[in-house]
Amino acid sequence: MKRRRFLQMAGAGLGSALLGSNARAQQRGRGYRRPNILFIMSDDHTSQAIGCYGLRLSAYARTKNIDRIAAEGAILRNCFCTNSICVPSRASILTGQYGHLNGAKTLSGRLDPAADNVAKHLQAAGYQTAVVGKWHLKEQPAGFDYYNVLRGQGRYNDPILFEKGADWRTGGKTHPGHSTDVITDQALNWLEEGRDPNKPFALMCHFKAVHEPFYSHERYRTLYADQDLPEPEDLHWPESPRGKRFEGWPLKILAGRFQKNAQRYAPPKLDAEGRDAKAIRSATYQKFMKDYLRTVAGIDDNVGRLLNWVDQTGKARDTVVIYTADQGYFLGEHNLFDKRFMLEESLRMPFVIRYPRQIKPGTDVGDIILNIDFAELFLDFARAPIPKSMQGRSFRPSLRGRTPNDWRDAMYYHYWSHQKERPSHYGVRTKRYKLIYYYGLLRMGKRPEECWEFYDLKTDPREQTSQYDEPMHQDTIAQLRQRLAQLRTQYGDTTDPLSVAPS
Ligand code: CA
């Protein structure tokens, strides 16, 4: 054994001996090198805007560091969130549960500090745990040895972070700079100076970017300046030719914000003067994409700083590095922006992971994986017991190219918030098909928005036409309705959602 490796192992042994409080963790640690876990998550960064995904804008996205994680590890092609919006997705990642169990079903949801979460289990297994950046779960983070977080959405410039030990309501401290840089600085500070080096670490680094208003650092403002980014083919299609009943959030809403709240967005201001509706939509799209991709470039440079730290401190082989985002996002597809819907652009989460000890470079995973699986993956890597309350499953075998025979063939989705343009819905997606049920609100004994959508993703991958009424699909739809009912039972989401107060 090389001396350095021996010293590393001796160090890990010492760390276990110091644990004391958890004998089982000590036993599990013996002979197995529990990896560090560096979980990097941004907000609303969709896979169409990441190079390694090879999707619509991938060729334009400056994401060489995120791409490097995939090239040196694995890329997940079918990773989905169970409710495509910030608070619920974050709560599901931490608890391994759907929102109807962890209590965070909508943006106003919260994570009870007394409730179970993965950080508490990693702590019990001997990890040093920390979260830096966007938290958004209302209550003080629990289960973390250290935190320094944006309590809510936070702001892009000179963000106010709340550090462990300071008053949760009034103890915020302003940090000069752009939030992506600041959050990375704070993460690196903790890695360098704040943690106990005798324990493995689990650090969640959550960027505020690329969330609207997509505000980049000034150093990226010349990117794409003389370029036009390609429009999605359905950007200018008539509003509802496809069997979709809901308007969603079309780009004209963003155009209005660009004009009325111009100071919230990075310059230059949208120029709508003397232009017709089609030209304004195109100009809105161009500004939206340039602002978005410039902010992405800032994320990627900071992912590079974190990766460099891991590599330069000799921790590459012993650190699981993950890059993901809390959900996907519409980048003008269907003439939409924002998320929430069960349509692909919004449903899909980017997820790349590197861990040289267990994952071969260039691994490509097509299995259906959910945000409720992340917690169990971490615990699996830590060789810590997995609590029965978690509803996901570790996908470590999939990352090693050994998908279990009984891996899920379908996923369940439930979006709880309700607006006329973006109604609440639940649904099921298999590798090929998707069935969505918009249950609508009960008004005067009726559910005016109630309807179903069905897509064959093989023949209609961009979900342009709901084929719910097509005779040729009726057998498939009947099977999917059964599967949907079965999944609702499996996950315990069987109460009529209209009878449940939103939270
Ligand atoms: Ca989000």
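This is a short tutorial dialogue on reading the features of a predicted model.

User: Before we start, what kind of model is this, and how are residues numbered?

Analyst: It's a predicted model, where local features need pLDDT of at least 70, side-chain atom pairs count only at pLDDT 80 or more, and totals for chains, interfaces and linings use all residues. Residues are numbered from 1 along each chain as its sequence is written, and side-chain values use heavy atoms, with hydrogens and water left out.

User: Okay, sheets. How do I read one, and what is the strand order here?

Analyst: Strands of a sheet pair through backbone hydrogen bonds, either parallel or antiparallel. Helices (H or I, at least four residues) and strands (E, at least two) are DSSP runs, numbered from the N terminus. Two strands pair if DSSP finds at least two bridges between them. Here you have an open sheet of 10 strands with mixed pairing, in the order 7-6-5-4-8-1-9-12-2-13. At the edges sit strand 7 (173-174) and strand 13 (363-365), each pairing on one side only.

User: Which helix packs on the sheet, and which strands does it touch?

Analyst: Contact means heavy atoms within 4.5 Å. For angles, axes are lines fitted to C-alpha atoms (for helices, over the stretch in contact), and the angles run from 0 to 180 degrees between N-to-C directions. Helix 3 packs on the sheet and touches strand 2 (74-76), strand 9 (319-325) and strand 12 (351-354), with its direction at about 60° to that of strand 12. Helix 4 lies across strand 1, strand 4 and strand 8, and runs at about 170° to strand 1.

User: Let's zoom in on strand 8. How many bridges join it to strand 1, and how many to strand 4?

Analyst: Strand 1 and strand 8 run parallel and are joined by five bridges; Phe39 has Met204 as its bridge partner in strand 8. Strand 4 also runs parallel to strand 8, with six bridges between them, and there Val131 has Met204 as its bridge partner. Strand 4 (residues 128-134) is also joined to strand 5 (residues 146-150) by five bridges, again parallel, and Val132 has Asn148 as its partner in strand 5.

User: Are the residues of strand 8 buried or exposed?

Analyst: Buried means under 20% relative accessible area, exposed over 50%, and partly exposed in between, using a 1.4 Å probe and protein chains only. Six of the six residues of strand 8 are buried, so the strand is largely enclosed by the rest of the structure. In a regular strand the side chains alternate between the two faces of the sheet. In strand 8, Phe201, Leu203 and Cys205 are on one side, Ala202, Met204 and His206 are on the other, and all are buried.

User: Now the metal. Which residues coordinate the calcium ion?

Analyst: Donors are N, O and S atoms within 2.8 Å of the metal (3.2 Å for Na, K and Ca), and since water is not among the atoms, sites may look incomplete. The calcium ion is coordinated by Asp43 (OD), Asp44 (OD), Cys86 (SG), Asp326 (OD), Asp326 (OD) and Gln327 (OE1), at 2.2 to 2.7 Å. In sequence these donor residues are spaced D-D-x41-C-x239-D-Q. Asp43, in the loop between strand 1 (36-42) and helix 3 (64-71), and Cys86, in helix 4 (residues 86-95), are 43 residues apart, and both are buried.

User: What about salt bridges: how many are there, and which residue pairs with Lys339?

Analyst: A salt bridge is a side-chain nitrogen of Lys or Arg within 4 Å of a carboxyl oxygen of Asp or Glu. A search of the whole structure finds 35 of them. Lys339 forms one with Asp44, the closest N and O atoms being 2.9 Å apart. The two are 295 residues apart, with Lys339 in the loop between strand 11 (337-338) and helix 10 (344-347). Lys339 counts as buried because its relative accessibility is 5%, and Asp44 is buried too, at 0%.

User: Which residue pairs with Glu72, and are the partners buried or partly exposed?

Analyst: Glu72 forms a salt bridge with Arg68, with the closest N and O atoms 3.3 Å apart. Glu72 is partly exposed at 31%, and Arg68 is partly exposed at 22%.
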